[in-house]
Amino acid sequence: MTMMQEEHRLAVLGAGTMGVGIATLAIGYGVPVVLIDIDADRRAEAPDKVRQQLRMAQLMGGLRRDAQAGPLTVTDSLDAVAEATVVVESITERPEWKAKLVAEVSTVLPAGTPVLTNTSGIPVDELAGAALRPEDVLGAHFMNPPYLIRAIEVVRGPRTAQASLDTALDLLTRLEREPVVVGDGPGFVINRVLQRMINEASRIVQDGIADPAAVDALFTGCLGHRTGPLATGDLIGLDNVVDSLRVLLDRTGDEGYRPSELLIDKVRAGDLGRKTGRGFHDYQGVQR
């Protein structure tokens with residue numbers, strides 16, 4: 001029997017930038033969401049952030065203005081995932097943290113509940129190996145912001161069951177996303193290419209060949225790229241870029257993924273991109 005939209009219940013693990021965005025997308029389509037984070041400050045800020053992003057998404061045409069928003073519950077209890085039909089893990093890109101969380105959440109969920117990791121580059125099967133039921137684990141690489149970007153890179157690991165994939169795809173299509181299913185491997189498709197591009201662009205700036213504005217202008221003007229690689233890195237968060245590059249370097253051995261010194265320096269300085277107001281570009285006074 002086909003699952004009705006109102007029967008979906010989503011649990012999102014992590015109330016950072018992507019977790020809040022995914023929660024916003026789901027409640028914007030009337031799907032109940034439980035948002036889980038151990039950080040008290042993030043939990044306190046999450047409802048306002050979701051409401052603000054919901055309004056922004058509606059103003060920008062990403063969500064219908066007349067839609068009835070689903071309920072949002074914010075908690076620190078992992079037990080709250082037990083009633084979810086789909087779980088999305090969206091914490092910091094640290095393999096050991098993600099594996100630990102996937103292992104913990106799999107003990108709470110009934111068999112057959114898909115666990116979607118929003119990892120940027122860690123192989124899905126690596127994380128599935130930590131789960132009680134590896135067949136329920138797959139990847140769903142949402143782009144930022146998820147309520148404006150419809151395409152989603154869905155990663156089927158070698159042990160992912162067809163039933164778990166089907167349930168995940170059902171939810172994503174009911175959220176009016178456009179899932180594209182790909183195979184497993186470090187970085188999958190998007191980040192295997194994108195993270196290297198951001199890294200190389202940062203090396204060009206580091207070497208004094210061009211400034212960030214010139215690099216991005218060439219990509220937008222000549223190649224039709226929406227923002228350019230460095231502005232894209234700022235949107236992702238340069239700390240997340242560095243974490244992703246290290247994952248790719250560790251798992252491929254390809255030196256092209258070794259983070260540039262300029263990227264590392266910016267992260268050390270706290271210039272992480274849009275979320276801090278400065279990265280390769282300055283966002284002071286810009287809506288973040």
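Let's start at asparagine 144, which sits in the loop between E6 and E7 of this predicted model. Setting aside neighbours within four places in sequence, asparagine 144 is in contact with Thr17, Met18, Ile149 and Leu235. Another residue worth finding from here is isoleucine 236: the two are 92 residues apart in sequence, yet their C-alpha atoms are 7.1 Å apart in space.

Now step back to phenylalanine 142. Leaving out residues up to four places away in sequence, phenylalanine 142 touches Met18, Ile22, Leu25, Val88, Asn118, Ile152 and Leu172. What does phenylalanine 142 belong to? It is a member of the largest nonpolar core, which has 34 residues. Along with Leu10, Leu25, Val33, Leu63, Leu116 and Val154, Phe142 touches the most other members of that core. Several elements give two or more residues each to this core: E1, helix H1 (17-28), strand E2 (33-36), helix H2 (40-59), E4, E6, strand E7 (151-155) and helix H5 (162-174). The largest share, seven residues, comes from H1. Apart from this core lies another one, of 20 residues, with Ala84, Val102, Ala128 and Val137 among them.

Two of those strands make a good next stop. E1 and E2 pair in the parallel sense over four bridges, and valine 12 stands opposite leucine 35 in E2. Which way do the residues of E1 point? Leu10 and Val12 go one way while Ala11 and Leu13 go the other, and all are buried. E2 tells a similar story: Val33 and Leu35 point one way, Val34 and Ile36 point the other way, and all of these are buried too.

Next, have a look at helix H5. It has 13 residues and reaches 18 Å from its first C-alpha to its last, close to the 18 Å expected at 1.5 Å a residue. Its buried residues are Ser164, Leu165, Thr167, Ala168, Leu169, Asp170, Leu171 and Leu172. So what covers them? The list includes E1, E4, E5, E6, E7 and strand E8 (178-182). After H5 comes glutamate 176, whose phi is positive, near 60°.

Strand E8 is also where you'll find glutamate 178. Because its relative accessibility is 47%, glutamate 178 counts as partly exposed. Its contacts, leaving aside neighbours within four places in sequence, are Arg150, Ala151 and Ile152. Glutamate 178 and isoleucine 149 are 29 residues apart in sequence, with 9.1 Å between their C-alpha atoms.

Helix H3 (residues 95-108) gives us a chance to reason a little. At 1.5 Å a residue, its 14 residues should span 20 Å, and the end C-alpha atoms are 21 Å apart, which agrees. Which residues of H3 are buried? They are Pro95, Lys98, Ala99, Leu101, Val102, Val105 and Ser106. These buried residues cover an arc of only 165° around the axis, so they lie on the same side of H3. The spacing fits a general rule: an α-helix has 3.6 residues a turn, so residues three or four places apart point the same way. On the other side of H3, Lys100 and Thr107 are exposed. The buried residues of H3 pack against strand E1 (10-13), strand E4 (86-89), strand E5 (115-117), helix H4 (124-128), strand E6 (137-141) and helix H9 (238-252).Finally, how does the chain divide up in the records? An unreviewed UniProt entry gives residues 10-184 the annotation "domain: 3-hydroxyacyl-CoA dehydrogenase NAD binding". That span is 37% helix and 19% strand, and its end C-alpha atoms lie 24 Å apart. The unreviewed entry's annotation "domain: 3-hydroxyacyl-CoA dehydrogenase C-terminal" covers residues 187-283. Residues 187-283 are 63% helix and 0% strand, with end C-alpha atoms 28 Å apart. For a last stop, try helix H10 (residues 261-269), where Leu262, Leu263, Ile264 and Lys266 are buried. The buried residues of H10 pack against helix H6 (190-206) and H9. Glycine 270 follows H10, and its phi is positive, near 80°.

Key
Residues numbered from 1 in each chain as written. Predicted model: local features only at pLDDT ≥ 70, side-chain atom pairs only at ≥ 80, totals over all residues. Heavy atoms only, no water. Expected span 1.5 Å × (residues − 1). Buried < 20%, exposed > 50% of the residue type's maximum accessible area, 1.4 Å probe, protein only. Arc of directions from axis to C-beta. Core = buried A, V, L, I, M, F, W, Y, C linked by side-chain atoms within 4.5 Å. Contact = heavy atoms within 4.5 Å. UniProt positions renumbered as here; feature names shortened; annotations may be inferred. Pairing = 2+ DSSP bridges.
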